[in-house]
Amino acid sequence: MNSVIKRMADEAKRRLKSGYWEEMYKNREEDLKVAKEKGVSSEIVVDGYRDKLRSTKKRTLKTLLDDSAMYSKVYDIVLRENEGETVYNPIGILKDDDFYNTLDSYGREKYVFNLSDAYVDLRKKIER
């Protein structure tokens, strides 16, 4: 659980340093200006950005809830390897295909790297 929280904190810190929130605010203001020029309700734009933030929050919560499930999957992989079986694609075993298929190429790459980091961390913890 600590590794997931640490990863989330690192990601939040990266967003702050990279200017993610300033960029999002700037984009929202530009979208609001365009909406006003076209006579579209500003509530539609605000709701769109609110939904974007909520989906990010849901993914974060999903990560926390799936942490215990991931631990048991990694534990099974380690047990199988200790019994002499070769596990060729542990990331494929851990990957949530439904979630993975909703991501763009950047999101998929990031997801696989985060999953790989989590796998290595959990594996070390189990082996200790």
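Me: How much area does the protein chain expose, and what share of it do carbon and sulfur atoms supply?
Reply: The chain exposes about 9600 Å², and carbon and sulfur atoms supply 53% of that area. Accessible areas come from the Shrake-Rupley method with a 1.4 Å probe. This is a predicted model, in which local features need pLDDT of at least 70 and side-chain atom pairs count only at pLDDT 80 or more, while totals for chains, interfaces and linings use all residues. Residues are numbered from 1 along each chain as its sequence is written, and side-chain values use heavy atoms, with hydrogens and water left out.

Me: What makes a residue of the protein chain count as buried, and what percentage do buried residues make up?
Reply: Buried means under 20% relative accessible area (1.4 Å probe, protein chains only). Buried residues make up 23% of the 128 residues.

Me: Which pattern does the protein chain follow along the sequence?
Reply: The pattern reads α-α-α-α-α-α, with 6 helices and 0 strands. Helices are DSSP runs of H or I with at least four residues, and strands are runs of E with at least two, numbered from the N terminus.

Me: Which element gives the largest share of the lining of the second largest pocket?
Reply: That share, 6 residues, comes from α6. Elements giving two or more residues to this lining are α1 (2-18) and α6 (105-127).

Me: How many charged residues does the lining of the second largest pocket have?
Reply: The lining has 7 charged, 2 nonpolar and 1 polar residues. Asp, Glu, Lys and Arg count as charged, and the lining includes Arg7, Asp10 and Lys110, so these three belong to the charged class.

Technical notes
On a 1 Å grid over the protein atoms alone, a cavity is a set of points where a 1.4 Å probe fits but cannot get out, and a pocket is an open set with protein on both sides within 12 Å along at least five of seven lines; lining residues have an atom within 4 Å of a point. Buried means under 20% relative accessible area, exposed over 50%, partly exposed in between (1.4 Å probe, protein chains only).
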